[in-house]
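Me: I have a structure open and would like a close look at just one part of it, with enough of the surroundings to place it. Could you take me through a helix and whatever it packs on?

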Amino acid sequence: MTVAETRIFPINTGWLHGDLGTYIFWKGPAGKKKWQPVYCHFVDTGEHKILIDTGLPDQERASKYHHNCEKRGCLQVHEHLEQKLGLHPDQIDVIIFTHLHWDHVQNMKEFRNARYIAPKAELEMAYNPLPLYYRTYECGILGIEPAYAGCVFEAVDGESEVLPGITMFPTPGHSVGHMAVSVATSAGDIVVCGDAIFEERNLEPNPDEMWRYWVPARFVNSYEGWKSVEELDKRADYVLPCHDHAANARSDVFPYEGMPIRKRRQAIPGYQFYFGDMPASAAGKEAPAMAAEDVDAYISSLARPEDMED
Ligand SMILES: [Zn+2]
């Protein structure tokens, strides 16, 4: 049986210095930076040993071609699996990619027995990127060999239960083909979000602009990106965004006793949803609306990006 046994282990592969205004929050404080972790996730269903994304390379490669990177004692994914979780890379049988940006795909060739599964539109973009995204996909034209050079993938197009209890669903916007991964567990659906959101805070309002969601700024398509944030809100009992330290560091393993379960698609008086109904698979799981008298206290409890620590 899988669902009762399924466990998710977050793996932090290092830290990047990202801008709050150009990456993490739309209309966030541009020029203010915050160190963000880069997580990938090991999922053990009892039947399958799965990685969702594979995270960062070593510090030198990351800093040379991309953003300022610090490891701070974090290992690369294959080293972490061996040294912290006691698994040989050959034991991984599937790697699912949310998208193929450089900080989600490194070291995949270390896993010699793994099938590689990725969204079809990501594969098309990664192998022939729009020039704006040469660096993001480590295009060979820049003299970089991408981590997936020569690898054979299985392409997924549209929502798909790729393994029992493991469902990829489209969340484009951050990148053209981005897909999140919903993992059915004994505590509910834990959604590994990739970069569809960077932090849990992206699912809460921006009160200055009356936005129901303070969505990320890093979108190739803001319309699809907003829709994808709503989709996560509709489907997730817990979110594991790849760049959120708080959400991933609450435990070494998920689910865990006392894990805070989200209220799915909770209406907040004064703040509008834009896209419609719950997906068929989540029908009936919408939370009751927040009471009007609770809104002020809730809004004032929310973290403000300009106050976030670097
Ligand atoms: Zn990304």
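Reply: Happy to! Please keep in mind that this is a predicted model. Let's take helix H4, which covers residues 120-127, and begin with the protein around it.

The protein has 7 helices and 12 strands. Its C-alpha atoms fill a box of roughly 55 × 50 × 35 Å along the principal axes. For 310 residues, a compact globule would have a radius of gyration near 19 Å, and the protein has 19 Å, so the two agree. Of those 310 residues, 44% count as buried. Among contacts between residues at least 6 apart in sequence, 64% join residues at least 24 apart.

Now to H4 itself. Which of its residues are buried? They are Glu122, Leu123, Met125 and Ala126. These four cover an arc of only 170° around the axis, which means that they sit on the same side of H4. The spacing fits a general rule: an α-helix has 3.6 residues a turn, so residues three or four places apart point the same way.

What do the buried residues of H4 pack against? Their partners are strand S6 (115-119) and strand S7 (154-156). S6, H4 and S7 together make a right-handed β-α-β unit, and the two strands of that unit run parallel, joined by 3 bridges. One pair to look for is Pro119 with its bridge partner Val156 in S7.

S6 also has strand S5 (residues 94-96) as a parallel partner, again through 3 bridges. Here Ile96 has Ile117 of S6 as its bridge partner. S6 is mostly covered, with 4 of its 5 residues buried. To sum up this part, H4 turns its buried residues, Glu122 and Leu123 among them, to S6 and S7.

For another helix and sheet to view alongside H4, turn to the open sheet of 5 strands, ordered S8-S9-S10-S11-S12 with mixed pairing. Its edge strands are S8 (160-163) and S12 (238-241), each pairing on one side only. The twist averages 30° from one strand to the next. Strand S11 (residues 188-194) pairs with S12 in the parallel sense over 4 bridges, and Ile190 stands opposite Tyr238 in S12. Helix H5 (residues 222-235) lies across S9, S10, S11 and S12, and runs at about 155° to S11.

How values were computed:
Residues numbered from 1 in each chain as written. Predicted model: local features only at pLDDT ≥ 70, side-chain atom pairs only at ≥ 80, totals over all residues. Buried ≥ 20, exposed ≤ 12 C-beta atoms within 10 Å, placed from the backbone. Arc of directions from axis to C-beta. Contact = placed C-beta atoms within 7 Å. Rg over C-alpha atoms; globule rule 2.2 N^0.38 Å. Pairing = 2+ DSSP bridges. Axes fitted to C-alpha atoms, helices over the stretch in contact; angles between N-to-C directions. Right-handed = clockwise from strand over helix to strand, strands pointing away.
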